[in-house]
Amino acid sequence: GMDAGPGMLYPRQCLDGLTHQFLGGRRLADGRTGAGVRPTELQRFIRDSVPALGAGWKEDAAAAASPRPRLRRDPASAAQVRCPTGSAVWTPSFAASGEMQDRFPMGILHAVAPYSDDPECELLLQSCYMRCMELARTRAEIEREPGFQIATALLGTGVKGVAPDIGAEALCAVIAGPGSDVQTTITWEVVVQEQEGFRAIEKALDSHAHMDCLAGSLLAQR
């Protein structure tokens, strides 16, 4: 078979690629992206509506001091970066089918997880989930919805190399933390592909005893 190269993935091998495939919309004639490819509706929205970090952006001290430095973002390309590691941005969903539109009516949350060797890996994972929750709450308020649902994988546990137990603990720490709004109904759907990920979520739930009531609705195994 074909090889995408070291550290490279085909779109169907990663969540971001599948998101663009099923929720990226049609390709547009106005404007071009890299290699002369027409941009999708999702790519154009990000280009036109999500601000870049800007040329003055720099890595923080914690990343620079890592014993095995791996840049979270290349400062030289900051003018093209829309979302720093540990954060998330919202876009509409440009679904390829009515079924997909019905499943994601409030849009997409794009989060950037850290690599496993990042000196602040766990904090940045929590920051991703917290930012997703803030963005989802904002969309619910705009749409005048009494609650919202967030469907997610365990961020960073693919090519970024984060262990499933660390990823699961980061998620459960955010759900159980003070940032959760008791006035709003928040439903988290976690999709895992391996038994290891499923067991990691169960273990993390056990470490937060007051979250036992969530166990039945939180876990979704595929």
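**Figure 1. A patch of negative charge on the surface.** Four acidic residues, Glu-122, Asp-165, Glu-194 and Glu-196, gather here in a surface patch of negative charge. Please keep in mind, for this view and the others, that the model is predicted. One member of the patch, Glu-122, has its place in helix α5. With a relative accessible area of 46%, Glu-122 is partly exposed.

**Figure 2. The whole protein, for orientation.** Before the next close-ups, here is the overall layout. The secondary structure comes to 8 helices and 5 strands. Read from the N terminus on, the elements run α-α-α-β-α-β-α-β-α-β-α-α-β. The protein has 222 residues, and buried residues make up 36% of them.

**Figure 3. The largest nonpolar core.** This core has 27 residues. Those with the most contacts inside it are Leu-125, Tyr-129, Leu-154, Leu-171, Trp-188 and Ile-201. At least two core residues come from each of α5, β3, α6 (164-176), β4 (185-192) and α7 (195-206). Helix α5 gives the most, with 7 residues. As general background, nonpolar side chains in soluble globular proteins tend to be buried together.

**Figure 4. A salt bridge between Arg-26 and Glu-41.** The structure holds 4 salt bridges, and this view shows one of them. The side chains of Arg-26 and Glu-41 meet at 3.8 Å, N to O. The pair links distant parts of the chain, with the two positions 15 residues apart in numbering: Arg-26 sits in the loop between α1 and α2 (41-49), while Glu-41 belongs to helix α2. Arg-26 counts as exposed, because its relative accessibility is 55% and the cut-off for exposed is over 50%.

**Figure 5. A salt bridge within helix α5.** Glu-134 and Arg-131 form a salt bridge here, and their closest N and O atoms are 3.4 Å apart. The two residues are separated by about one helical turn, because they lie 3 residues apart in helix α5. Glu-134 counts as partly exposed at 35% relative accessibility, and Arg-131 also counts as partly exposed, at 33%.

**Figure 6. Glu-143, Arg-139 and the neighbouring Arg-144.** What is the distance between the closest N and O atoms in the salt bridge that Glu-143 forms with Arg-139? They are 3.8 Å apart. Glu-143 is partly exposed, with a relative accessible area of 43%, whereas Arg-139 counts as buried at 18% relative accessibility. The value for Arg-139 falls under the 20% cut-off, so this charged residue is classed as buried. Arg-144 is found in the loop between α5 (121-142) and β3 (147-152). Its backbone is worth a look: phi of Arg-144 is near 55 degrees, a positive value in a residue other than glycine. Arg-144 is exposed, with a relative accessible area of 76%.

**Figure 7. Two pairs of residues separated in sequence.** Met-106 and Phe-148 are 42 residues apart in sequence, and their C-alpha atoms are 8.7 Å apart in space. Met-106 is found in the loop between α4 (98-103) and β2 (108-111). With a relative accessible area of 26%, Met-106 is partly exposed. The second pair is His-20 and Ser-93, which are 73 residues apart along the chain, with C-alpha atoms separated by 9.4 Å. His-20 is found in helix α1 (residues 15-23), and at a relative accessible area of 23% His-20 is partly exposed.

Key
Residues are numbered from 1 along each chain as its sequence is written. This is a predicted model: local features need pLDDT of at least 70, side-chain atom pairs count only at pLDDT 80 or more; totals for chains, interfaces and linings use all residues. Side-chain values use heavy atoms; hydrogens and water are left out. Helices (H or I, at least four residues) and strands (E, at least two) are DSSP runs, numbered from the N terminus. Buried means under 20% relative accessible area, exposed over 50%, partly exposed in between (1.4 Å probe, protein chains only). Patches are made of residues with over 30% relative accessible area and no salt bridge: like charges are joined within 9 Å, nonpolar side chains (Val, Leu, Ile, Met, Phe, Trp, Tyr) within 5 Å. Accessible areas come from the Shrake-Rupley method with a 1.4 Å probe; for residues, only the protein chains shown count as cover. Lys and Arg count as positive and Asp and Glu as negative; His and the chain ends are not counted. The place of a charge is taken as NZ of Lys, CZ of Arg, CG of Asp or CD of Glu. A nonpolar core is a set of buried Ala, Val, Leu, Ile, Met, Phe, Trp, Tyr and Cys residues joined through side-chain atoms within 4.5 Å.
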